Every structure is written in C-alpha cells, then in structure tokens.
Amino acid sequence: MLHDRVLVRTDIPEGERRSSGGIVIPATAAVGRRLNWAEVVAVGQNVRTVEPGDRVLYDPEDRAEVEVRGVAYVLMRERDLHAVAAERLQGSEDSTGLYL
C-alpha cells in the first residue's frame with residue numbers, strides 16, 4: 001500500500017440483507033445514504049489513525065473496488081474514513097472504543 005491508502009474488506013455482502021427484526025430487504029430496495037463498516041486489511045506508510053484489524057466506517061458511494069485472488073476489497077484514502085472502532089482504543093472505563 002502506498003501513501004495514505006487503506007485497503008478494507010467489507011462486512012456486508014451485496015444483495016439481500018435482513019433487518020434486526022428478521023425482515024428480508026431485497027437488493028433493489030431504495031435506502032437513504034448509509035455508511036458501511038469494514039475491516040482494515042492493509043495500510044500505507046503515511047496512515048496514522050488505523051491499523052490492520054481495525055473496523056472502520058466509510059461511505060460506500062466513495063469507493064474504488066479491487067479484486068485480489070478472487071476476494072473483493074475496497075481501496076480508499078484515510079481521509080475518507082468516518083470512524084474507527086478498535087480494541088486498542090478502549091483505554092479507560094468510559095471509552096466506547098470508537099474514534100470519530
């Protein structure tokens with residue numbers, strides 16, 4: 001990875017999904033602008049806030065997809081991340097583990 005790039009693997013597969021109540025939502029259903037969670041796989045040498053293994057929140061409309069060995073990943077700049085969730089950020093009792 002070069003510069004400030006972050007390579008992530010998405011948590012949610014494309015297509016149908018289920019709500020928390022068990023209702024099936026078809027892939028063609030129109031939804032408002034939603035952010036997605038993903039796991040960081042690799043980072044460039046200038047990335048300062050995330051490490052491989054962290055979970056990040058990003059906008060799925062601002063993404064560049066790449067396929068490596070048959071697995072689809074999303075490539076983005078560090079500045080395009082909206083939040084970071086990591087175990088290492090839970091330093092105190094009142095911490096949520098989120099870095100916004």
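Contact means heavy atoms within 4.5 Å. The model used in these exercises is predicted.

**Exercise 1. The neighbours of Y58**

Task: list which residues Y58 touches, leaving out those up to four places away in sequence. Then place Y58 in the nonpolar core.

Solution.
- Step 1. Collect the partners that precede Y58 in number: T10, L35, N36, W37 and A38 are among them.
- Step 2. Add the others: R63, V74, M76, D80, L81 and H82.
- Step 3. Turn to the largest nonpolar core, which has 12 residues. Y58 is one of them, and so are A38, V74, M76 and L81. The remaining members are V6, V8, V40, V47, V50, V56 and V84.
- Step 4. Assign the core to strands. At least two residues come from each of β1 (5–10), β4, β5, β7 (71–77) and β8 (81–85).
- Step 5. Set this beside a general tendency: in soluble globular proteins, nonpolar side chains tend to be buried together.

**Exercise 2. The fold in outline**

Task: state how many helices and strands the chain has, and describe its contacts and surface.

Solution.
- Step 1. Count the elements. There are zero helices and nine strands.
- Step 2. Read them in order. The pattern is β-β-β-β-β-β-β-β-β.
- Step 3. Check burial. The chain has 100 residues, and 25% of them count as buried.
- Step 4. Look at contacts with a separation of 6 or more. Residues 24 or more positions apart account for 60% of these.
- Step 5. Take the surface. About 7,100 Å² is exposed, with 48% of it supplied by carbon and sulfur atoms.

**Exercise 3. An aspartate in a loop**

Task: decide whether D54 is buried or exposed, and find what its side chain reaches.

Solution.
- Step 1. Locate D54. The residue sits in the loop between β4 (36–43) and β5 (55–58).
- Step 2. Apply the cut-off. Buried means under 20% relative accessible area. D54 has 6%, so D54 is buried.
- Step 3. Find the partner. The D54 side chain reaches the backbone nitrogen of E51 at 2.9 Å.

**Exercise 4. Salt bridges**

Task: find which side chains meet in salt bridges, and which residues form one network.

Solution.
- Step 1. Start from the total. The structure holds three salt bridges. Side chains of opposite charge can pair when their charged atoms come close.
- Step 2. Take D4 and R5. Their side chains meet at 3.0 Å, N to O. D4 has 19% relative accessibility, so D4 counts as buried. R5 is partly exposed at 26%.
- Step 3. Take R77 and D4. This salt bridge spans 3.4 Å, N to O. The pair links distant parts of the chain: R77 is in strand β7, D4 in the segment before β1, and their positions lie 73 residues apart in the numbering. R77 counts as partly exposed at 29% relative accessibility.
- Step 4. Take E39 and R9. Their side chains meet at 3.6 Å, N to O. E39 belongs to strand β4 and R9 to strand β1, 30 residues apart. E39 is partly exposed, with a relative accessible area of 31%. R9 is also partly exposed, at 33%.
- Step 5. Join the bridges that share partners. D4, R5 and R77 form one network.

Definitions and conventions. Residues are numbered from 1 along each chain as its sequence is written. This is a predicted model: local features need pLDDT of at least 70, side-chain atom pairs count only at pLDDT 80 or more; totals for chains, interfaces and linings use all residues. Side-chain values use heavy atoms; hydrogens and water are left out. Helices (H or I, at least four residues) and strands (E, at least two) are DSSP runs, numbered from the N terminus. Buried means under 20% relative accessible area, exposed over 50%, partly exposed in between (1.4 Å probe, protein chains only). Accessible areas come from the Shrake-Rupley method with a 1.4 Å probe; for residues, only the protein chains shown count as cover. A polar contact is a pair of N or O atoms within 3.5 Å; within protein, one must be able to donate a hydrogen and the other to accept it, and residues adjacent in sequence count only if both atoms are side-chain atoms. A nonpolar core is a set of buried Ala, Val, Leu, Ile, Met, Phe, Trp, Tyr and Cys residues joined through side-chain atoms within 4.5 Å. A salt bridge is a side-chain nitrogen of Lys or Arg within 4 Å of a carboxyl oxygen of Asp or Glu.
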